[in-house]
Structures are given as C-alpha cells and as structure tokens.
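Dear colleague,

I am handing over the structure below, and I would be glad if you read the notes after it with the coordinates open.

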Amino acid sequence: MTDAAWSTVRNSLKGVIGDNNYVTWIAPLKLNGARDGVVRLSAPTNFVANWVNRHYADQILRCILAAGESVSRVEISVDGAAARPNDKVQRTLAAVPLVNAGRVAEEVEQPTAGLDRRFTFDNFVVGKPNALAHAAARRVAEGVSVTFNPLFLYGGVGLGKTHLMHAIAWELNARNPELRVLYLSAEQFMYRFVTALRERNVMDFKNLFRSVDVLMVDDVQFIAGKESTQEEFFHTFNALVDHHKQIVISADRAPGEIKDLEDRIKSRLQSGLVVDLHPTDYELRLGILQQKVALSRASYGDVPIGDGVLEFLAHRITTNVRVLEGALTRLFALASLVGREITLDLAQDTLADILRTSERKVTVEEIQRKVAEHYNIRLSDMIGPKRQRTIARPRQIAMYLAKSLTTRSLPDIGRRFGGRDHTTIMHGVRKVEELRTTDSQLAEDLELLRRLLQS
Ligand code: ADP
Ligand code: MG
C-alpha cells in the first residue's frame with residue numbers, strides 16, 4: 001500500500017469515526033509498510049496501539065478494502081522511537097518520579113486530546129433544567145479553590161453531561177495550560193487499568209492518575225459490578241481528594257442509585273456536590289435549536305428556515321438533545337443539497353422517523369390525573385361511582401380524551417374507569433363531542449388539556 005493510498009484510507013476513516021476520534025487515535029498512526037496482505041501501522045504509545053487494536057482495527061481494515069487494496073490483516077505495533085523524552089515529558093518527570101515515566105508522561109502530554117471542540121461553555125445553552133449543573137461546572141472551571149469535591153453530575157442520556165465536562169477542561173486549559181487535566185470515560189479508565197495489569201505496569205498507571213491536577217471521569221456507572229476497577233478507582237479517588245485535587249464525575253443516575261457499586265464508593269461520590277441535569281423543557285430546547293442554527297451558518301451558509309419550524313421541533317422532539325441536533329443537521333443537509341427553504345412540510349417529511357419515535361405516549365391514568373387536577377376533583381372520584389354533574393362531566397371529558405389521545409379500545413378504557421361498561425364510555429365520548437360545538441368554555445378546556453398532555 002502506498003502513502004497516497006493510506007492517506008485516502010485515513011480520510012475515509014475520519015468520516016466514519018468522526019473528527020475527534022480521528023485526531024486522537026488515527027492521526028498519530030504511521031504506515032510502516034504492507035506485505036503479504038498484512039498492513040503494518042505503528043502507534044506512538046502502547047496505549048494508543050492497544051486502543052486502536054481494540055476499537056478501530058475492523059474499521060481500518062474495512063476502509064483499506066474499500067480503497068481497493070488487497071489486505072487480510074492490520075497489525076498495529078508501538079513505535080519505539082516515539083518513547084524518546086521531550087520537554088513535556090521532562091516536566092512531568094520532575095513532578096512525578098516513577099519507575100517507567102516515559103510512557104506515563106506521554107499520556108498526559110496533550111491535555112485537550114479527546115475533547116470535542118464544540119463542547120465549550122460558550123456553546124452551552126443555559127435554562128432552568130441545567131442552570132445548577134452549569135453554575136457548578138463554571139465554578140470548578142475557575143480552578144481557584146476546591147470547594148466541593150467531587151462535583152458529581154448526573155442525568156439522562158443527551159442532557160449535556162459530557163458537554164459540561166469538556167467545557168470545564170477547555171476552560172481550565174485556557175486559564176492555565178500548565179494544569180494537568182485528565183478527562184476520560186470510566187470505560188477508558190477501566191481499559192487502561194486492565195492493560196496496566198496485563199503489562200505489569202500498574203505503578204505507571206497509579207502514578208499517572210495520581211499526578212493529575214484535575215481528574216474527570218465520565219459515565220462512572222460503567223464500572224458498576226467491576227470489582228478490581230472499582231477498587232483502583234476508589235484508591236485513585238482518595239489519593240486525589242487527600243491532595244485537594246479536583247475531581248469531576250458524571251453518571252446517568254444519582255450515586256445512591258447505581259447498582260453494584262460498593263457502598264464506600266457511593267458515599268465517597270456523595271461527599272461533594274451532587275447536581276442533576278433535569279430533562280429539557282420547551283424553552284431550553286428552543287434555545288438550543290436557535291443556537292445550533294446560528295452555529296451551523298458556518299458549515300451550511302444561510303439556509304432559510306420557515307416560520308414555526310424550530311418551535312415545531314422543540315415541541316415534538318422532547319427526548320434528548322442529541323436527537324434534536326441530529327434532526328436539525330439532517331434538515332440543513334437536505335436543504336442545502338436541494339437548495340430549498342426548510343419549511344414545516346419539509347421538516348415533517350424528512351423527520352418522519354424521528355418524530356414517530358418521539359411521539360409521546362399518553363396514558364389513560366395521566367389523562368385522569370390531569371383532568372382531575374384541572375377541575376379540582378379527587379382522582380378517586382374520577383373512577384368512583386358519584387353521579388353529580390361537577391364530577392360526572394370531568395369524568396366524561398377524561399373519557400373523551402382517553403379515546404382521542406390513546407389507542408385503547410372502549411372496553412379497555414372502561415376497565416380503567418373503575419370497571420365501567422364500554423357503552424358508558426361511548427356515551428361519555430358522544431356527550432363531549434356534542435357539547436364542544438356549543439360550549440366554548442368546554443372546547444377551550446379540551447384544547448388546553450390536550451396541549452398539556454401532549455407536551
Ligand atoms: P450526555 O453526556 O449527558 O449524554 P452530551 O453532553 O453528550 O450528553 O450532549 C449531547 C449533545 O447535546 C451534545 O452534542 C451537546 O453539545 C448537546 N447539548 C446538550 N445540552 C446542551 C445545551 N444545554 N446547550 C447546547 N448543546 C447541548
Ligand atoms: Mg456523555
């Protein structure tokens with residue numbers, strides 16, 4: 001394989017694994033030659049070699065094949081020459097005298113390696129659901145004093161945990177490039193640890209993690225149930241806290257709710273500041289969309305967006321910000337391809353699949369609860385036998401909404417209304433259909449309830 005062919009392969013890999021992974025893992029690889037169907041690559045460190053072997057070997061092979069080269073295997077080894085110490089290595093060496101410092105030092109050499117350029121504080125939209133997490137992250141990023149340790153951020157998928165952690169790292173690095181900030185996922189932590197065990201350089205591992213100024217471990221729930229990794233994590237954690245080094249941790253749930261995590265670790269994780277990122281609300285989603293539109297001007301130019309499109313997306317895609325972004329990217333790509341304005345119709349057509357899975361499923365119970373709240377009656381009366389108008393009417397409204405907003409059958413709805421017969425439900429539904437044309441107050445109530453339930 002020629003260097004030119006390798007460069008083609010690298011380019012297609014970039015498209016497959018994304019810019020960040022590319023810069024961290026593929027760019028450092030060198031082509032050492034190819035013979036007898038084996039392509040030989042070298043990596044600057046053991047760690048990179050192992051990681052690439054484990055995560056990217058297949059993709060590399062596929063891209064080489066796709067480039068028309070005949071190859072049956074990719075071999076990745078460590079480039080001996082790269083172990084030569086340089087300035088930064090020496091600096092770290094001075095700080096951490098240790099057995100085999102060369103390799104350890106290399107790994108903290110680039111504090112911003114693996115960080116997503118877009119995940120900065122500037123690009124983070126603050127709203128009610130994430131205000132506290134954002135403020136805490138800002139505080140840590142000032143890097144002045146360690147006020148809470150660790151900072152534990154948790155919340156569902158795609159709510160911005162990783163974004164905030166990268167933002168902290170970028171900010172710390174901008175304020176003080178000398179600071180040794182190490183960001184990694186709990187999975188990477190484990191992988192490094194296991195590799196260190198296998199290669200018998202646990203001392204290096206320990207020294208690396210104890211030599212950082214700020215340690216950030218993303219998705220810590222990953223180490224649940226992994227005993228020796230937990231053990232090592234616990235010791236690392238304690239060592240850093242003892243030295244007043246800042247730790248930032250994220251997880252998909254609160255420390256106490258992570259199963260198969262040792263109690264002593266749970267309580268350690270709870271000992272600092274625990275903040276959660278709440279599910280996004282409509283305003284935040286709209287804010288994020290507006291910001292993404294502004295940012296995407298750089299890549300897509302000034303694509304006109306029709307009235308109400310962003311509002312529509314913010315309203316309909318409520319699950320997770322990543323999906324919201326994906327939707328917008330798809331719209332932009334399409335609009336710039338066909339040179340059309342992004343209209344509501346185009347959005348609905350193009351995003352049919354996303355919109356379908358994001359459709360919120362309303363339950364009969366939810367309807368009963370909301371309607372009872374709205375009319376100020378007890379939930380038990382909604383289901384119970386009372387017949388006076390002030391209770392019977394809201395009950396019929398709930399029946400009507402249950403029929404129109406869910407896919408339940410009449411008998412099924414009847415069962416959920418205290419075992420009523422399906423004819424009773426049908427009667428209720430008809431009654432409300434009739435009334436809504438004459439009673440404008442009731443029509444308004446229905447509209448309001450429908451909106452409440454579907455948002
Ligand atoms: P998590 O780690 O919580 O699963 P991420 O941090 O990876 O979520 O966020 C998913 C995507 O949504 C990222 O592209 C991120 O930039 C974006 N995102 C999430 N919250 C915000 C926000 N408040 N402002 C701007 N972008 C956001
Ligand atoms: Mg994440």
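What follows is a short account of one helix, one sheet, the main core and its aromatic rings.

Please keep in mind throughout that this is a predicted model.

I begin with helix α8, residues 161–175, whose 15 residues should span 21 Å at 1.5 Å a residue, and the C-alpha atoms at its ends are indeed 21 Å apart, in agreement with that expectation. Because 11 of its 15 residues are buried, α8 is largely enclosed by the rest of the structure; among the buried ones are Lys161, His163, His166 and Asn173, together with Met165 and Trp170. The elements that cover the buried residues of α8 include helix α7 (131–142) and the strands β4 (151–154), β5 (181–185), β6 (214–218) and β7 (246–251).

The sheet I looked at is an open one of three strands, in the order β1-β2-β3 and with mixed pairing. Its edge strands, each paired on one side only, are β1 (30–35) and β3 (73–78), and neighbouring strands are turned against each other by 25° on average, direction ignored. Between β1 and β2 (residues 38–43) the pairing is antiparallel and runs over five bridges, and Arg35 has Val38 in β2 as its bridge partner. Helix α4 (residues 57–66) lies across β2 and β3, at about 130° to β3.

The largest nonpolar core has 27 residues, and those with the most contacts inside it are Phe209, Leu215, Val217, Val220, Phe233, Ile249 and Leu269. The elements that each supply at least two residues of this core include β5, α9 (186–198), α10 (202–210) and α12 (263–269), while the largest share, five residues, comes from α11. Leaving aside residues up to four places away in sequence, Ile249 touches, among others, Met165, Val217, Phe233 and Leu269.

Turning to the aromatic rings, a search of the whole structure finds seven pairs. The rings of Phe189 and Phe233 have centres 5.7 Å apart and planes at 90°, so this pair is edge-to-face; since Phe189 lies in α9 and Phe233 in α11, the pair ties together parts that are 44 residues apart in sequence. Both of these residues, Phe189 and Phe233, are buried. Phe193 and Phe205 make a tilted pair, with 5.3 Å from centre to centre and 55° between the planes, and this pair links α9 to α10 across 12 residues; Phe193 and Phe205 are likewise buried. These four residues belong to one aromatic cluster, which also includes Phe209 and Phe237.

With best wishes

Terms used:
Residues numbered from 1 in each chain as written. Chains lettered and ligands numbered in written order. Predicted model: local features only at pLDDT ≥ 70, side-chain atom pairs only at ≥ 80, totals over all residues. Heavy atoms only, no water. Helix = DSSP H or I, 4+ residues; strand = E, 2+ residues; numbered from the N terminus. Expected span 1.5 Å × (residues − 1). Buried < 20%, exposed > 50% of the residue type's maximum accessible area, 1.4 Å probe, protein only. Contact = heavy atoms within 4.5 Å. Pairing = 2+ DSSP bridges. Axes fitted to C-alpha atoms, helices over the stretch in contact; angles between N-to-C directions. Core = buried A, V, L, I, M, F, W, Y, C linked by side-chain atoms within 4.5 Å. Phe/Tyr/Trp six-rings, centres within 6.5 Å; stacked < 30°, edge-to-face > 60°.
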